[in-house]
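I opened this notebook to keep track of what I looked up in one structure and of what each look returned. The sequence and the model come first, and my entries follow.

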Amino acid sequence: MNKSYPFFIKAPVILLGLIITVFILSILRDILVPLAFATLIAILLNPLTARLERFMPKIVAILLAMVIAIMLVAGLAYFLSSQIAHFFDNVDAMKQKFSELLVIIQNWFEKTFGISTQKQVQMVSEAANNSKAVIGQTLSGALGVLSVIFLLPVYTFLIMLYKTLILNFLYEVFSEENQKKVGEILSETKAAIQSYIVGLLIETGIVAVLNSSALLILGVQNAILIGVIGAILNLLPYIGGIIAIALPVLMATLTKDGFSTQILIIAAYALIQFIDNNILVPRIVSSKVQINALISIIIVLLGAALWGVPGMFLSIPFIAVLKIIFDRIEGLKPWGKLLGDNIPTEHMGQLRRLRRRKTVDIKE
């Protein structure tokens, strides 16, 4: 016999559970962040490993798949490092232009808002100190560097090695009548994450080419580096796109006279964003789980508050998995609908009023 508890009892219990969960996630961030990334990487490498296992032992197949992934990442890192080296070629000229621009901005603020130059410097210093604290919090902990160098590949290898053991645990921990739902959730989660990550990688590559080409045509310095960074920032829904536009505009301001280049950059990036949102994302990313814009922005900000920059990148796959689970559990289906992007034409209150009117018309 199922006992139903009143709302004033369930609400505090749920709230307490959320507080405890968030506290644990925050305390164990140095362990859980690399574990979460390793899980995504393991799911992404699983198809390649499965193919390699046909020709070689499982451990060798896993190691070979990881070596291929590491080589691709190392190639990208080498490319970015070579571009960063060119960035410092004209750093002195950019410093001088930035100083001149800063004086103009300070004078404008003083005339417009009455804020003295000393007060502006103090405000900027306080903001810089807060930013350092946030960055330090993101990179803090004894496991910070260790997680990238050691824990991430070790976690990935062990997750792929013990994949069947983990899956059997997830099946056996639930009762037999729920094992079918567990299987559906696991298969949908794997397919959704694989399609999401692979699609994002392809989309990021195309956006990087479009960004770099546009900036090269406009004659912006360090066009390839800024274009690639903008494509990577584009992985953060909505927020990253704004930062991606700000970078080339700032570079053009520091290296060119006038404002025509900045206007053309904004127009080019607006066109690229239109192509990305209306052509690339629907056709290439093709994720099986669509999250609406409001939830995407909120969850990215919550991920940043909880785990810093890594949390921003992990938030969307995490909420996608939650939506798959919610859609499969009867009592949680309303939450799954709230996360999705299917917008009803009418809400339930309007439908009830229409039903009442029809009932009254029939009686009359």
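The entries below go from the whole chain to a pair of helices and then to single residues.

**Entry 1: the whole chain.** I note at the outset that this is a predicted model, and I read every value below as computed from it. I looked up the secondary structure and found 14 helices and 0 strands, so that, by the DSSP runs, the order from the N terminus is written with α throughout, as α-α-α-α-α-α-α-α-α-α-α-α-α-α. I then checked burial, and of the 364 residues of the protein 28% count as buried. For the accessible surface I recorded about 24100 Å², with 70% of that area belonging to carbon and sulfur atoms. Turning to contacts with a separation of 6 or more, I found that residues 24 or more positions apart account for 67% of them.

**Entry 2: H2 against H12.** Two packed helices are described by the angle between their axes and the distance between the axes. I looked up both values for helix H2, residues 29–52, and helix H12, residues 293–328, and obtained an angle of about 30 degrees with the axes 11 Å apart. Angles under 35 degrees count as roughly parallel, and H2 and H12 are therefore roughly parallel to each other. I also wrote down the handedness, which is that of a left-handed crossing of H2 past H12. On the H2 side the contact is made by Arg29, Leu32, Val33, Ala36, Phe37 and Leu40, while H12 contributes Leu306, Trp307, Gly308, Pro310, Phe313, Leu314 and Pro317. Sorted by class, this contact of H2 with H12 holds 11 nonpolar, 1 polar and 1 charged residues.

**Entry 3: threonine 49 and alanine 65.** I stayed with H2, where threonine 49 is found, and asked which residues threonine 49 is in contact with once its neighbours within four places in sequence are left aside. They are Ala61, Ile62, Ala65 and Met160. Threonine 49 has 3% relative accessibility and therefore counts as buried. I followed the contact to alanine 65, which is found in helix H3, residues 58–87, and which is buried with a relative accessible area of 0%. Under the same exclusion of residues up to four places away, alanine 65 touches Leu45, Leu48, Thr49 and Leu52. I also took one distance here: the C-alpha atoms of alanine 65 and alanine 42, which are 23 residues apart along the chain, are separated by 9.9 Å.

**Entry 4: asparagine 222 and H9.** I looked up asparagine 222, which lies in the loop between helix H8 (179–217) and H9, and noted that its phi is near 55 degrees, a positive value in a residue other than glycine. Is asparagine 222 buried or exposed? At 14% relative accessibility asparagine 222 counts as buried, since the cut-off is under 20%. I went on to helix H9, residues 223–233, in which 8 of the 11 residues are buried, so H9 is largely enclosed by the rest of the structure. I listed the buried residues of H9 as Ala223, Leu225, Ile226, Gly227, Val228, Gly230, Ala231 and Leu233.

**Entry 5: threonine 261.** My last look was at threonine 261, which lies in helix H11, residues 260–285, and which counts as buried at 10% relative accessibility. Not counting residues up to four places away in sequence, I found that threonine 261 touches Leu218, Val220, Ala252 and Lys256.

Technical notes. Residues are numbered from 1 along each chain as its sequence is written. This is a predicted model: local features need pLDDT of at least 70, side-chain atom pairs count only at pLDDT 80 or more; totals for chains, interfaces and linings use all residues. Side-chain values use heavy atoms; hydrogens and water are left out. Axes are lines fitted to C-alpha atoms, for helices over the stretch in contact, and angles run from 0 to 180 degrees between N-to-C directions. Helices (H or I, at least four residues) and strands (E, at least two) are DSSP runs, numbered from the N terminus. Angles under 35 degrees count as roughly parallel, over 145 as roughly antiparallel, 65 to 115 as roughly perpendicular and the rest as oblique. A crossing is left-handed if the near helix is turned anticlockwise from the far one by less than a right angle, and right-handed if clockwise. Contact means heavy atoms within 4.5 Å. Ala, Val, Leu, Ile, Met, Phe, Trp, Tyr, Cys and Pro count as nonpolar, Asp, Glu, Lys and Arg as charged, and the others, Gly among them, as polar. Buried means under 20% relative accessible area, exposed over 50%, partly exposed in between (1.4 Å probe, protein chains only). Accessible areas come from the Shrake-Rupley method with a 1.4 Å probe; for residues, only the protein chains shown count as cover.
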